[in-house]
Amino acid sequence: MPVLNRAERTRTGVVFVALLIALCATGAAAREFRAADTQTEDYPTVQALRYMGALIAERSGGRHEVKVFHSRQLGEEKETIEQTRVGAIDLNRTNVALIGNFVPAMNVLAMPFLFRSIEHMQKVLDGPIGSEILGSFEPYGFVGLAFYDSGARSIYNGARPVRNVADLKGLRIRVQQSELMSQMIRALGAEPVEMPYGQVLAGLANHLIDGAENNWPSYVTTDHYKHAGYLALTEHTMSPEVLVISLKAWKSLSADEQTIFREAAQRSSRFMREKWRDLEEQSQRKAETAGVTIVRDIDRKPFEDAMVAIYAKAGQDPAAAALIERIRKVE
């Protein structure tokens with residue numbers, strides 16, 4: 001073994017410390033963040049996640065990357081939310097109705113007939129109320145980063161046109177795995193069937209369910225329209241999507257890195273809205289060309305009146321009641 005003199009040992013120590021500092025400043029802190037989305041590769045939310053990942057990679061100098069797992073590769077939404085909460089998944093795009101099982105404020109955004117229009121919803125989410133809601137996630141293991149649009153959800157089925165509440169009686173309608181959505185369909189006289197998103201097409205094709213409820217792109221891109229050719233524009237909910245990061249992953253970031261992630265998420269939200277509007281128009285044209293019966297002239301008031309008990313129950317929670325009132329007052 002060579003024997004180093006004091007000067008050589010000093011130089012070696014300095015080099016070692018310099019290498020260690022460089023490692024800590026670059027490779028040691030670098031990581032790949034896993035993002036989950038149940039939608040297909042070309043869906044606006046998936047494109048938005050990739051856009052956000054590109055922004056993060058650019059602003060972090062390539063130290064941080066986001067790998068997007070689309071098409072339910074990491075599981076159905078209910079499963080990925082639970083995995084995100086414990087830190088097994090880093091980022092997750094999910095509908096507010098499902099994450100409402102963990103974050104109470106999300107149940108308010110999923111309330112039927114709460115928003116008067118898409119413009120009303122966006123004004124709420126882009127303002128102080130939206131910021132406050134995103135800031136309420138941490139006690140539940142998440143950090144809210146941004147809202148994505150998901151259009152208005154309407155009811156479709158393969159049995160008959162739905163022009164009024166009575167036409168829904170007895171129909172088996174798939175809903176998200178959410179008690180609130182089950183209550184809504186039950187209040188309309190139909191039978192709710194809680195079912196993972198990935199099983200709906202088979203359920204329609206095999207007549208295990210009569211119909212479902214969703215937005216235009218989901219209705220068309222999943223081929224649901226081929227087995228459920230009657231669409232009633234009930235537009236009963238306009239609940240958004242929400243992008244969250246696990247609290248564990250968030251705490252691993254420095255304050256500057258957290259700013260990078262939050263700003264990239266907000267920019268991806270605006271990017272997603274543009275993609276969404278285009279896809280909605282394409283989806284509607286495709287459904288019309290395929291011969292889908294679209295019932296547009298629906299009297300919404302009887303549908304809204306059927307929600308009285310649901311709002312009465314929500315109103316028993318003072319925080320929920322106050323939030324509903326604030327949202328309704330936004331002009």
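The lining of the largest pocket is made up, by class, of 13 nonpolar, 5 polar and 5 charged residues. This pocket, found in a predicted model, has a volume of about 480 Å³. Pro 104, Asn 107, Val 108, Asp 317 and Ala 320 are the closest to its centre, out of the 23 residues that line it. As for where the lining comes from, H5, H7, H8, helix H14 (308-314) and H15 each put in at least two residues. H15 gives the most, with 5 residues.

Next comes the second largest pocket, at about 300 Å³. Its lining counts 18 residues, and those nearest the centre are Ile 118, Gly 151, Ala 152, Trp 276 and Glu 280. Here at least two residues come from each of H6, E9 and H12, and H12 is the top contributor with 5. The class split of this lining is 6 nonpolar, 6 polar and 6 charged.

Helix H6 (residues 118-125) is worth a closer look, as one of the contributors to the second largest pocket. Its residues His 120, Met 121, Gln 122, Val 124 and Leu 125 are buried. What do the buried residues of H6 pack against? Their partners are helix H5 (104-109), helix H7 (128-134), strand E4 (142-148), H12 and helix H15 (318-329). H5, H7 and H15 from that list also help line the largest pocket, while H12 turns up again in the lining of the second largest.

H12 has another partner too. Helix H12 (residues 255-289) packs with helix H2 (residues 44-59) at an angle of about 150°, and the two axes lie 8 Å apart. The crossing is right-handed. On the H2 side, the contact takes in Pro 44, Thr 45, Gln 47, Ala 48, Tyr 51, Met 52, Leu 55, Ile 56 and Arg 59. These meet a set of H12 residues that includes Ile 260, Phe 261, Ala 264, Ser 268, Phe 271, Lys 275 and Leu 279. Trp 276 is also among the H12 residues of this contact, and that residue was already named as one of those nearest the centre of the second largest pocket. By class, the H2 and H12 contact comes to 14 nonpolar, 3 polar and 4 charged residues.

Turning to enclosed space, a search of the whole structure gives 2 cavities of 30 Å³ or more. The largest holds about 210 Å³ of space. It is lined by 23 residues, with Gln 39, Glu 77, Arg 153, Gln 176 and Tyr 197 the closest to its centre. What is the make-up of this lining by class? It has 6 nonpolar, 10 polar and 7 charged residues. The second largest cavity has a volume of about 30 Å³. Among the residues lining it are Ala 36, Asp 37, Thr 38, Phe 69, Arg 72 and Asn 92. Glu 77 is also part of this lining, and it was listed above for the largest cavity as well. The classes here are 3 nonpolar, 5 polar and 3 charged.

A few single residues stand apart from these sites. Is Ser 178 buried or exposed? Its relative accessible area is 1%, so Ser 178 counts as buried. Ser 178 sits in the loop between strand E6 (172-175) and helix H8 (179-187). Beyond neighbours within four places in sequence, Ser 178 is in contact with Ala 97 and Glu 194.

Two other residues have a positive phi without being glycine. For Ser 71 the angle is about 55°, and this serine lies in the loop between strand E2 (64-69) and helix H3 (77-85). Its relative accessibility of 31% makes Ser 71 partly exposed. For Glu 235, phi is near 45°. Unlike the loop position of Ser 71, that of Glu 235 is within strand E9 (residues 230-237). Glu 235 is likewise partly exposed, at 32% relative accessibility.

As for the chain as a whole, its secondary structure amounts to 15 helices and 11 strands. The C-alpha trace spans about 95 × 45 × 30 Å along its principal axes. Of the 331 residues, 51% are buried. Taking contacts between residues at least 6 apart in sequence, 73% link residues at least 24 apart.

Notes. Residues are numbered from 1 along each chain as its sequence is written. This is a predicted model: local features need pLDDT of at least 70, side-chain atom pairs count only at pLDDT 80 or more; totals for chains, interfaces and linings use all residues. Side-chain values use heavy atoms; hydrogens and water are left out. Axes are lines fitted to C-alpha atoms, for helices over the stretch in contact, and angles run from 0 to 180 degrees between N-to-C directions. Helices (H or I, at least four residues) and strands (E, at least two) are DSSP runs, numbered from the N terminus. A crossing is left-handed if the near helix is turned anticlockwise from the far one by less than a right angle, and right-handed if clockwise. Contact means heavy atoms within 4.5 Å. Ala, Val, Leu, Ile, Met, Phe, Trp, Tyr, Cys and Pro count as nonpolar, Asp, Glu, Lys and Arg as charged, and the others, Gly among them, as polar. On a 1 Å grid over the protein atoms alone, a cavity is a set of points where a 1.4 Å probe fits but cannot get out, and a pocket is an open set with protein on both sides within 12 Å along at least five of seven lines; lining residues have an atom within 4 Å of a point. Grid points are joined across faces, edges and corners, and a volume is the space filled by probe spheres set on the points. Buried means under 20% relative accessible area, exposed over 50%, partly exposed in between (1.4 Å probe, protein chains only).
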